[in-house]
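Visitor: Could you take me in for a close look at one part of this chain? I'd like to hear about the aromatic pair and what sits around it.

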Amino acid sequence: MPKNEPSLLSKHSHQEKSRRLSCSEFDLILKPSYQTAAVTVSTSKKVAPRAVDRNRIKRIIKEAARRNKNLDTSLIFRIKKNIASLKSHDVEQLIKKILS
């Protein structure tokens, strides 16, 4: 077998790469999921000082991701800007825009 071809028994041969997408409000990392896909949201106190806002951001993002039904991959969101004032519909449009 030539050196440049991966071995079938190689532990990294079945793993796919994750993909990073960005917009001004958040970074989105798409990781291939072989089991149950998950939505993870990471937001800091620097972005949203109040816990109420951080929890609202997480709820909005998770609901928007659930509605998009892109569940063959795990979605990891890193929030860059306080989007707690946005409506759920606006966040859904942002996610659709970044995924297309």
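Guide: Let's settle one word before we go in: a residue is called buried when its relative accessible area is under 20%. By that cut-off, 34% of the 100 residues in the chain count as buried; bear in mind that this is a predicted model. The chain has two helices and four strands, and read from the N terminus the order is β-β-β-α-β-α.

Now for your pair. Searching the whole structure turns up one aromatic pair. It is made by F26 and F77, whose ring centres are 5.4 Å apart with the planes at 70 degrees, so we call it edge-to-face. F26 belongs to strand β2 (residues 26-32) and F77 to strand β4 (residues 73-79), so the pair ties together parts 51 residues apart in sequence. Neither ring's residue shows any surface: F26 is buried at 0% relative accessibility, and F77 is buried at 0% too.

Step back a little and you meet the largest nonpolar core, which has 22 residues; F26, L28, I57, I61, F77, I79 and V91 touch the most other members. At least two residues of this core come from each of β2, α1 (51-68), β4 and α2 (88-99), with α1 giving the largest share, five residues.

I79 is worth a stop as well. Setting aside neighbours within four places in sequence, I79 contacts E25, F26, V41, S42, T43, V47, I57 and I61. Long-range links show up across the chain, too: of the contacts between residues at least 6 apart in sequence, 68% join residues at least 24 apart.

Notes
Residues numbered from 1 in each chain as written. Predicted model: local features only at pLDDT ≥ 70, side-chain atom pairs only at ≥ 80, totals over all residues. Heavy atoms only, no water. Phe/Tyr/Trp six-rings, centres within 6.5 Å; stacked < 30°, edge-to-face > 60°. Buried < 20%, exposed > 50% of the residue type's maximum accessible area, 1.4 Å probe, protein only. Core = buried A, V, L, I, M, F, W, Y, C linked by side-chain atoms within 4.5 Å. Contact = heavy atoms within 4.5 Å.
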